[in-house]
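Work through the exercises below with the sequence and coordinates open. Try each task before reading its solution.

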Amino acid sequence: MQLNSPMADNAYARAGVDTDRTGRAIAGLVEVLRTIDPGRPSRSVVGSGHYAAVIALDERTGLALSTDGVGSKVIVAEQLERYDTVGIDCVAMNVNDLVCVGAEPLALLDYIALEDADPDVLRQIAVGLKAGAEQAGVEIPGGEVAQLPELIRGHPSPRGFDLAASAFGVVQLDSLITGERIAPDDAVIGLPSSGLHSNGYTLARRALPDLGEPFGHHTVGDELLVPTVIYVRAALDLIRSCDVRGLAHITGDGLLNLLRLNDQVGFTIDSPLPVPAIFEAIAERAEVSPEDMWLAFNMGCGFCCVVPADQAGTAVALLDGHHPGAARIGTVTAEAGVVELPHAGLSFGRR
């Protein structure tokens, strides 16, 4: 599913990332992988394009899987020589996807590639991984460290590293949350982000290159390293309490991520969460249009939950207890494949 608009491609292209070309490349990759013949009936039970894959272990239980990395946020960590928070981002980017199918995350395996295996750097990365794992309630029983000086080059050298992981969880197949039950008039609840999370950093770093520049009560560098929020405990609590019809991790593509749940409906976001100052700074410094900003960033909303309208109040109260500022931000509509933001006069859809 390709959700980017050509407007977003312009902003990212100026920063050196052609998202349109990347989308076509990924589509080609997926097209080939879909033809894999494992020599037995497929056990996949969630279609490609959702937040996590699910493999049926038996008639009742599914194994949920996700994989993701921290992206170019690691460059900020290299430049500041602060590595103790990106592990939280790595955990978050995986478990936040995993829980979107209703799965309880159980474990994560990390992959760290380094230019130089500095013991202090690895220890700091581990500190963040531990903090993220404890927030998500998962174990990290293993992983891989690879020293690859010919592949990894730091900013500056020899501080280069990359950090990614795969997460695993379980879900009862009769309790899968795929978004297919979402219907017009359902309520969309938004949970606040802590800032950029782990998306859009190529553009953000171009807009705000001086990491030591004062920003609020700290610096630009401090702001760019604020960890991604982990929403797992809130989402699992909501699943136990309400009729949850869809869960969406809002990352690259912004609120268009909602269409990954169900492209036969639309979404009107008429009461968006407050937009943090970091997004306004990026838009101003890099001269990024509102269209591009809403298509590239979470804009203050890191996770969305879709519930029946008559359960919205209960859902907001529960989620606000985990993440203060949670609120109903919009409504599901019958306009298939369209996300509208009336306050900004914007309407987005699939190409």
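The exercises cover a helix pair, a pocket and some backbone outliers in this predicted model.

**Exercise 1. The helix pair**

Task: Describe how helix 4 packs against helix 5: at what angle do the axes cross, and which residues meet?

Solution:
1. Locate the helices. Helix 4 spans residues 86-98 and helix 5 spans residues 119-136.
2. Fit the axes. They come within 6 Å of each other and cross at roughly 40 degrees.
3. Assign the hand. The crossing of helix 4 with helix 5 is right-handed.
4. List the contacts. Helix 4 contributes Gly 87, Ile 88, Cys 90, Val 91 and Val 95. Their partners in helix 5 include Ile 125, Gly 128, Leu 129 and Gly 132.
5. Sort by class. Nine residues in this contact are nonpolar, four are polar and none is charged.

**Exercise 2. The second largest pocket**

Task: Characterise the second largest pocket: how many residues line it, and which are closest to its centre?

Solution:
1. Take the volume. The second largest pocket holds about 190 Å³.
2. Count the lining. It has 13 residues.
3. Find the centre. Gly 47, His 50, Thr 178, Arg 260 and Leu 261 are the closest to it.
4. Sort by class. The lining has six polar, four nonpolar and three charged residues.

**Exercise 3. Cis peptide bonds**

Task: Where in the fold are Pro 156 and Pro 158, and what omega does each preceding peptide bond have?

Solution:
1. Recall the background. Most peptide bonds are trans.
2. Check His 155 to Pro 156. This bond is cis, with omega near 10 degrees.
3. Check Ser 157 to Pro 158. This bond is also cis, with omega near 10 degrees.
4. Place the prolines. Pro 156 sits in the loop between strand 4 (139-147) and strand 5 (161-172). Pro 158 lies in the loop between strand 4 and strand 5 as well.

**Exercise 4. Positive phi**

Task: Glu 81 and His 197 both have a positive phi. Is each one buried, partly exposed or exposed?

Solution:
1. Recall the background. Most residues other than glycine have a negative phi.
2. Read the angles. Phi is about 55 degrees at Glu 81 and about 60 degrees at His 197.
3. Place Glu 81. It is in the loop between helix 3 (73-80) and helix 4.
4. Place His 197. It is in the loop between strand 6 (187-192) and helix 6 (201-207).
5. Apply the cut-offs. Buried means under 20% relative accessible area, and exposed means over 50%.
6. Classify Glu 81. Its relative accessible area is 46%, so it is partly exposed.
7. Classify His 197. Its relative accessibility is 2%, so it is buried.

Definitions and conventions: Residues are numbered from 1 along each chain as its sequence is written. This is a predicted model: local features need pLDDT of at least 70, side-chain atom pairs count only at pLDDT 80 or more; totals for chains, interfaces and linings use all residues. Side-chain values use heavy atoms; hydrogens and water are left out. Axes are lines fitted to C-alpha atoms, for helices over the stretch in contact, and angles run from 0 to 180 degrees between N-to-C directions. Helices (H or I, at least four residues) and strands (E, at least two) are DSSP runs, numbered from the N terminus. A crossing is left-handed if the near helix is turned anticlockwise from the far one by less than a right angle, and right-handed if clockwise. Contact means heavy atoms within 4.5 Å. Ala, Val, Leu, Ile, Met, Phe, Trp, Tyr, Cys and Pro count as nonpolar, Asp, Glu, Lys and Arg as charged, and the others, Gly among them, as polar. On a 1 Å grid over the protein atoms alone, a cavity is a set of points where a 1.4 Å probe fits but cannot get out, and a pocket is an open set with protein on both sides within 12 Å along at least five of seven lines; lining residues have an atom within 4 Å of a point. Grid points are joined across faces, edges and corners, and a volume is the space filled by probe spheres set on the points. Buried means under 20% relative accessible area, exposed over 50%, partly exposed in between (1.4 Å probe, protein chains only).
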